[in-house]
Amino acid sequence: IQDEGAQSYICRVDSRSLAQLSNPCKSGSAKENAFNFSFFAVWTNLSLHEALPGGSQQILLFGAGFQTESVYQCQFVASGSWIQKVSMGSVIDFNTVRCTIPSLEAATTSLQVTLLGDTKEVTFEGAVQDRTIRLLDGWSGLEGISMGPASGGQNLTIIGFGFNVTSSYQCVFMSLSSTFSISVPGYVLTQNRIICTSPSLGGLYSADQASLQLLREGSA
């Protein structure tokens with residue numbers, strides 16, 4: 001209620017549907033001159049911004065105004081494509097929704113998240129990086145073969161996860177006696193397989209055991 005001189009003005013705000021009168025604040029009773037104001041849910045950030053590919057990891061979406069009676073879904077869109085998947089969300093409290101990151105068959109380096117509430121997009125208030133998940137890659141070993149001739153030419157299959165065809169990989173063979181370090185290109189077969197060919201030691205180095213390192217864009 002506003003009091004300007006001898007005149008009283010009455011307004012009302014609540015969380016029901018928006019229905020604003022042409023002149024909501026004027027003299028009279030609250031019943032005659034009230035208007036409604038509705039609050040809508042928003043979200044602003046994720047609990048993590050890096051994840052392993054293959055799905056099953058859970059993330060939290062932080063915001064305000066989430067309702068237990070609403071149905072929430074998280075939409076994940078793969079970078080550089082139109083490929084997308086949706087997982088069901090569960091309301092933890094008014095400020096938190098939980099979703100599970102799905103598995104995408106296509107190789108991708110990141111996912112962008114959209115939150116849906118009752119099939120409509122929930123307003124996002126934040127920067128692009130706040131809704132983006134970068135998918136990690138890594139490797140665990142070689143498939144089968146662990147030795148080859150000093151003349152080179154032995155194909156090696158590296159087993160791992162999250163390999164991307166748009167990234168550049170190198171296999172680095174480092175002598176355990178520190179006599180040589182030789183790098184050869186690695187080629188992505190699938191998200192879980194990279195192939196590289198052992199180098200020739202030529203007449204420069206004697207046969208030796210070597211450790212293998214996998215580099216992406218020049219970094220391990």
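**Group meeting: a predicted chain and its two largest pockets**

Of the 220 residues in this protein chain, 34% count as buried, meaning under 20% relative accessible area with a 1.4 Å probe, protein chains only. Before I go on: this is a predicted model, where local features need pLDDT of at least 70 and side-chain atom pairs count only at pLDDT 80 or more, while totals for chains, interfaces and linings use all residues. Residues are numbered from 1 along each chain as its sequence is written, and side-chain values use heavy atoms, with hydrogens and water left out.

The chain has one helix and 18 strands; these are DSSP runs, H or I of at least four residues for helices and E of at least two for strands.

Now the pockets. A pocket here is an open set of points on a 1 Å grid over the protein atoms alone, where a 1.4 Å probe fits, with protein on both sides within 12 Å along at least five of seven lines; lining residues have an atom within 4 Å of a point. The largest has a volume of about 500 Å³, volume being the space filled by probe spheres set on the points. It is lined by 18 residues, and closest to its centre are Met147, Gly148, Phe173, Asp208 and Ala210. By class, that lining holds twelve nonpolar, five polar and one charged; Gly counts as polar and Tyr as nonpolar in this scheme.

The second largest pocket comes to about 240 Å³. Its lining includes Phe40, Tyr72, Asp118, Lys120 and Glu121. The classes there are four nonpolar, four polar and three charged.

Conventions. Buried means under 20% relative accessible area, exposed over 50%, partly exposed in between (1.4 Å probe, protein chains only).
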